[in-house]
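Colleague: I am new to reading protein models, so could we go through this one together? I would love to take it one question at a time.

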Amino acid sequence: MFSQVLLLLLSITPFSSPTPVAKRAFSNGPVITSNFPDPAFINVGGTYYAFATSNGAQNIQIATSPDFDTWTVTGSDALPTIPSWSTGDVWAPDVAQLADGSFVLYFAATSSTNTNMHCVGTATSSTVQGPYTASDTAFACPLDQGGAIDPAGFADSDGSLYVVYKVDGNSLGGGGTCGNADGSYSTPIMLQAVEADGVTLTGTATQILDRDTADGPLIEAPSLVLVSGTYYLFFSSNCYNGAVYDTSYATASAVGGPYAKASSPLLVSGGDGGALNSPGSATVGPAGAQMVFHADSVAGDPSLRQMWTAGISVSGGVVSIS
């Protein structure tokens, strides 16, 4: 998910600077009640576009909104043709707009080499809704470490572009909760510099965060923003299909870290007057004012992950719901 303004904005907003929007609190219930997991968003020309994990009918779902409040799922597919390196099962998309006005889509999809694992891929389009044309070369595919998922773009204040993603160590199958109950495997968040096209790698990826005991079997779903000189790395921890799945954040004074985790999560089950169930996979927009995330349905069904929105306040290394 690129959730920032990258000169290319990779994530929930275009790579070019978007118009700031008013902060708003929880949406008081899901804004999309159908299955719309791992959402990311971008504002283009005053319209919001959200993208989500495959629902079985579309590889990448799309929804639109004129105001960040009322959303319509379009039924179209942002990525109708999967790349040759994949067999499908597309997860966690993120869209960014480049300086030339074109768009880059980041996503994870099953590796054709090992169908138990995912790799991160890229695709491009001249329009925000696509269809996007995928590269036949995976962007990140460390199968010996479990593969890679949950990409998101970031543009630094000097115009440097990056992609953050998770090395999916728990897919190696250690057993128990999310395949890593005993914590045998690392699930690090990686930072990869890219060129102005948002796709070409610059150097090698570096680790900026990893799980610890308090995070349970994993951390995942990174979203990186810069506000007033502080880098905020949002992430989820614990297993997505349990009540302790959450959204948290870590802060740093440099894009490469070191990052210090907040003392407590931002979103947990029971939040918003008890309405939230397993809130996670958040994407945060530029300036740290808006956020989308998924939460299990009111019945707590992990197979129905609905999209919520929230306004947030980011200041002095502290994030709160506004």
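Colleague: Which residue in the turn of the hairpin formed by strand 10 and strand 11 has a positive phi?

Modeller: Keep in mind that this is a predicted model. Strand 10 and strand 11 form a hairpin, with 5 residues between them. One residue in that turn has a positive phi of about 90°, and that residue is glycine 159.

Colleague: How many bridges pair strand 10 with strand 11?

Modeller: The two strands of the hairpin pair in the antiparallel sense. Within this pairing, phenylalanine 154 stands opposite tyrosine 162 in strand 11. The number of bridges between strand 10 and strand 11 is 6.

Colleague: What is the bridge partner of tyrosine 162 in strand 12?

Modeller: Let us follow tyrosine 162 across to its other neighbour. Strand 11 runs antiparallel to strand 12, and 6 bridges join them. Along this pairing, valine 164 stands opposite leucine 191. For tyrosine 162, the partner in strand 12 is alanine 193.

Colleague: What is the strand order of the open sheet of 4 strands?

Modeller: The pairing in this sheet is antiparallel. Its edge strands are strand 10 and strand 13 (201–209), since each pairs on one side only. Neighbouring strands are turned by 25° against each other on average, direction ignored. The order is 10-11-12-13.

Colleague: How many residues of strand 11 are buried?

Modeller: A residue counts as buried when its relative accessible area is under 20%. Strand 11 is mostly covered. The count of buried residues is 7 of its 7.

Colleague: Now for the cysteines. How many disulfides does a search of the whole structure find?

Modeller: A disulfide is a covalent bond between the sulfur atoms of two cysteines. Counting bonded cysteines along the chain, the pattern is 1-2, 3-4. The search of the whole structure finds 2.

Colleague: How many residues apart in sequence are the parts tied together by cysteine 119 and cysteine 141?

Modeller: A disulfide joins cysteine 119 to cysteine 141, with an S to S distance of 2.0 Å. Cysteine 119 lies in strand 8 (residues 118–125), while cysteine 141 is in the loop between strand 9 (133–134) and strand 10 (148–155). The parts that this pair ties together are therefore apart in sequence by 22 residues.

Colleague: Which class of exposure does cysteine 141 fall into?

Modeller: Its partner is a useful contrast: cysteine 119 counts as buried, at 1% relative accessibility. Cysteine 141 has a relative accessible area of 35%. Values between 20% and 50% make up the class in between, so cysteine 141 is partly exposed.

Colleague: Is the disulfide of cysteine 178 and cysteine 239 right-handed or left-handed?

Modeller: The disulfide joining cysteine 178 to cysteine 239 has an S to S distance of 2.0 Å. Both cysteine 178 and cysteine 239 are buried. The torsion about their S-S bond is about 75°, so this disulfide is right-handed.

Colleague: How far apart in sequence are the parts that cysteine 178 and cysteine 239 tie together?

Modeller: Cysteine 178 lies in the loop between strand 11 (161–167) and strand 12 (189–194). Cysteine 239 lies in the loop between strand 15 (230–237) and strand 16 (246–252). The parts joined by this pair are therefore apart in sequence by 61 residues.

Colleague: At which residues does UniProt place the feature "active site"?

Modeller: This label comes from an unreviewed UniProt entry. The residues it marks are spread over 183 residues of sequence, yet they cluster in space, with a largest C-alpha distance of 10.8 Å. The lining of the largest pocket includes them, and they are Asp38 and Glu220.

Colleague: Which residue's side chain makes a polar contact with the side chain of aspartate 38?

Modeller: Aspartate 38 is found in the loop between strand 1 (10–11) and strand 2 (40–44). Aspartate 38 is buried, with a relative accessible area of 10%. At 2.6 Å, the side chain in polar contact with that of aspartate 38 belongs to threonine 53.

Colleague: Where does glutamate 220 lie?

Modeller: Glutamate 220 has a relative accessible area of 10%, so it is buried. As for its place along the chain, glutamate 220 belongs to strand 14 (residues 219–227).

Notes
Residues are numbered from 1 along each chain as its sequence is written. This is a predicted model: local features need pLDDT of at least 70, side-chain atom pairs count only at pLDDT 80 or more; totals for chains, interfaces and linings use all residues. Side-chain values use heavy atoms; hydrogens and water are left out. A disulfide is a pair of cysteine sulfur atoms within 2.5 Å. Buried means under 20% relative accessible area, exposed over 50%, partly exposed in between (1.4 Å probe, protein chains only). Two strands pair if DSSP finds at least two bridges between them. Axes are lines fitted to C-alpha atoms, for helices over the stretch in contact, and angles run from 0 to 180 degrees between N-to-C directions. UniProt positions are given in the numbering used here, feature names are shortened, and annotations may be inferred rather than shown by experiment. On a 1 Å grid over the protein atoms alone, a cavity is a set of points where a 1.4 Å probe fits but cannot get out, and a pocket is an open set with protein on both sides within 12 Å along at least five of seven lines; lining residues have an atom within 4 Å of a point. A polar contact is a pair of N or O atoms within 3.5 Å; within protein, one must be able to donate a hydrogen and the other to accept it, and residues adjacent in sequence count only if both atoms are side-chain atoms.
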